[in-house]
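User: I would like to learn how to read individual features of a model such as this one, taking one feature at a time. Could you show me the structure and then go through it with me?

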Amino acid sequence: EAGQIAQQLEIQNRERQQITREIQAAAERIALEKDPDALLLFAAHEEFNVGVVGLAASRLCEHYHRPAIVASRGPTHSRGSCRSIAEFHITAALDQCSDLLERYGGHAAAAGFTVSNENLPMLIERLGALAIEQLADKDLRPVLVADVEVPLRELRPDLLEYLEWLQPTGYGNPEPYFVSRDVQVKNSRQVGKENSHLKLTLIEGGIIHDAIAFGQGQRHEEMPGRVDIMYTYEKNEFNGRESLQLRIRDLKPAGTPD
């Protein structure tokens, strides 16, 4: 019985992933067709599944480093999901549009709202004007911030105990990120569906570390022999086995500028 339930969950998860990819592609096309340089990305469509518009907005925001809104348009109302960048407090922007909204809520980086379809054009116009006002003079390139730089050879399993003290991490209490430089890449390969993820074996000081970089499988083709990495240190459980791994957030050839 558990096996059947697990199989059903796996099928549903694959369907969700496919729907998300389709909505993301459509939302990107809709958001950019009018103005490829828009400082706020917006896409709404009656066929967008309300359950995954947040994932699509998140990926648009990450890819273009601009606030993004993806909405599911119903017969009378639209339900939108927003993701934003540090330079633009999305819920504060919605506060300035509260007279147009049925309901809304969120925090600086993510929010959701319900709006009548007749008010939707005015809402997007007002949010777009706020984005221009706040972002027009900004250098909109993503910046990743780490907490400490440490030689990879100094990582020890007992560090995980101290990292657990910081839980739960999330918005307002981000998980700690480390930077290690000039690390040797012993092995690199693509893994996952459509080879979308990158699996690495790194070595420093005779110590081997397993690493995974989700969504960065394309980097395998031009992987340098030595890299600087930004990562979290975590416990990985797979098929009943437990191991330690680095979850790579970003990497670059060793010695190149940050």
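Analyst: Just after helix α2, H65 takes a positive phi of about 50°, and since the model is a predicted one, this value, like the others below, is computed from predicted coordinates.

User: What span should the 12 residues of α2 have, and how far apart are the end C-alpha atoms?

Analyst: At 1.5 Å a residue, the 12 residues of α2, which runs over residues 53-64, should span 16 Å, and the end C-alpha atoms are 17 Å apart, which agrees.

User: Which residues of α2 are buried, and which are exposed on the other side?

Analyst: The general idea comes from the geometry of the helix: an α-helix has 3.6 residues a turn, so residues three or four places apart point the same way. In α2 the buried residues are V53, G54, A56, A57, L60 and C61. These residues cover an arc of only 160° around the axis, which puts them on the same side of α2. On the other side of α2, E62 and H63 are exposed.

User: What covers the buried residues of α2?

Analyst: The cover includes α1 (2-33) together with the strands β1 (41-45), β2 (68-73) and β3 (77-83). The packing can also be read from α1, whose buried residues are T20, I23, Q24, A26, A27, A31 and L32, and these pack against β1, α2 and β2.

User: How many residues does α1 have, and how far does α1 reach?

Analyst: Helix α1 has 32 residues and reaches 46 Å from its first C-alpha to its last, close to the 46 Å expected at 1.5 Å a residue. One residue placed in α1 is E28, which counts as partly exposed because its relative accessibility is 23%, where buried would require under 20%. Leaving aside neighbours within four places in sequence, E28 is in contact with L60, H63 and Y64, while the C-alpha atoms of E28 and V52, 24 residues apart along the chain, are separated by 14 Å.

User: How many aromatic pairs does the structure hold, and how is such a pair read?

Analyst: A pair of aromatic rings is described by the distance of the centres and the angle of the planes. The structure holds two aromatic pairs, and one of them is formed by Y162 and W165, with 5.1 Å from centre to centre and 80° between the planes, an edge-to-face arrangement. Of these partners, Y162 is partly exposed, with a relative accessible area of 44%, whereas W165 is exposed, with a relative accessible area of 62%. A ring can also have a charged group over its face, as where R249 lies over the face of Y177, at 4.5 Å from the ring centre.

User: Where is E204 placed, and is E204 buried or exposed?

Analyst: E204 lies in strand β8, residues 197-204, and is buried, with a relative accessible area of 11%. The side chain of E204 reaches the backbone nitrogen of L152 at 2.8 Å. Apart from neighbours within four places in sequence, E204 is in contact with P151, L152, R153, R181, D182 and V183.

User: What joins the side chains of K252 and D258?

Analyst: The side chains of K252 and D258 are joined by a polar contact of 3.4 Å. K252 has its place in strand β11, residues 241-253, and counts as buried at 17% relative accessibility. Not counting residues up to four places away in sequence, K252 touches R181, R226, V227, D228, P257 and D258.

User: Where is P157 found, and which residues does P157 touch?

Analyst: P157 is found in the loop between β6 (148-149) and α5 (159-164), and counts as exposed at 52% relative accessibility. Once residues up to four places away in sequence are set aside, P157 touches Y233 and L244. P157 and L135 are 22 residues apart in sequence and 43 Å apart in space, from C-alpha to C-alpha.

User: What does the secondary structure of the chain come to, and what share of the residues is buried?

Analyst: The chain comes to five helices and 11 strands, and of its 258 residues 39% count as buried. Along its principal axes the C-alpha trace spans about 65 × 55 × 40 Å. Among the contacts with a separation of 6 or more, residues 24 or more positions apart account for 58%.

Definitions and conventions: Residues are numbered from 1 along each chain as its sequence is written. This is a predicted model: local features need pLDDT of at least 70, side-chain atom pairs count only at pLDDT 80 or more; totals for chains, interfaces and linings use all residues. Side-chain values use heavy atoms; hydrogens and water are left out. Helices (H or I, at least four residues) and strands (E, at least two) are DSSP runs, numbered from the N terminus. Buried means under 20% relative accessible area, exposed over 50%, partly exposed in between (1.4 Å probe, protein chains only). A polar contact is a pair of N or O atoms within 3.5 Å; within protein, one must be able to donate a hydrogen and the other to accept it, and residues adjacent in sequence count only if both atoms are side-chain atoms. Contact means heavy atoms within 4.5 Å. Rings of Phe, Tyr and Trp (its six-membered ring) pair if their centres lie within 6.5 Å; planes under 30 degrees apart count as stacked, over 60 as edge-to-face and the rest as tilted. A charge sits over a ring if NZ of Lys or CZ of Arg is within 6 Å of the ring centre and within 35 degrees of the ring normal. The expected span of a helix is 1.5 Å times one less than its number of residues. The arc is that of the directions from the helix axis to the C-beta atoms.
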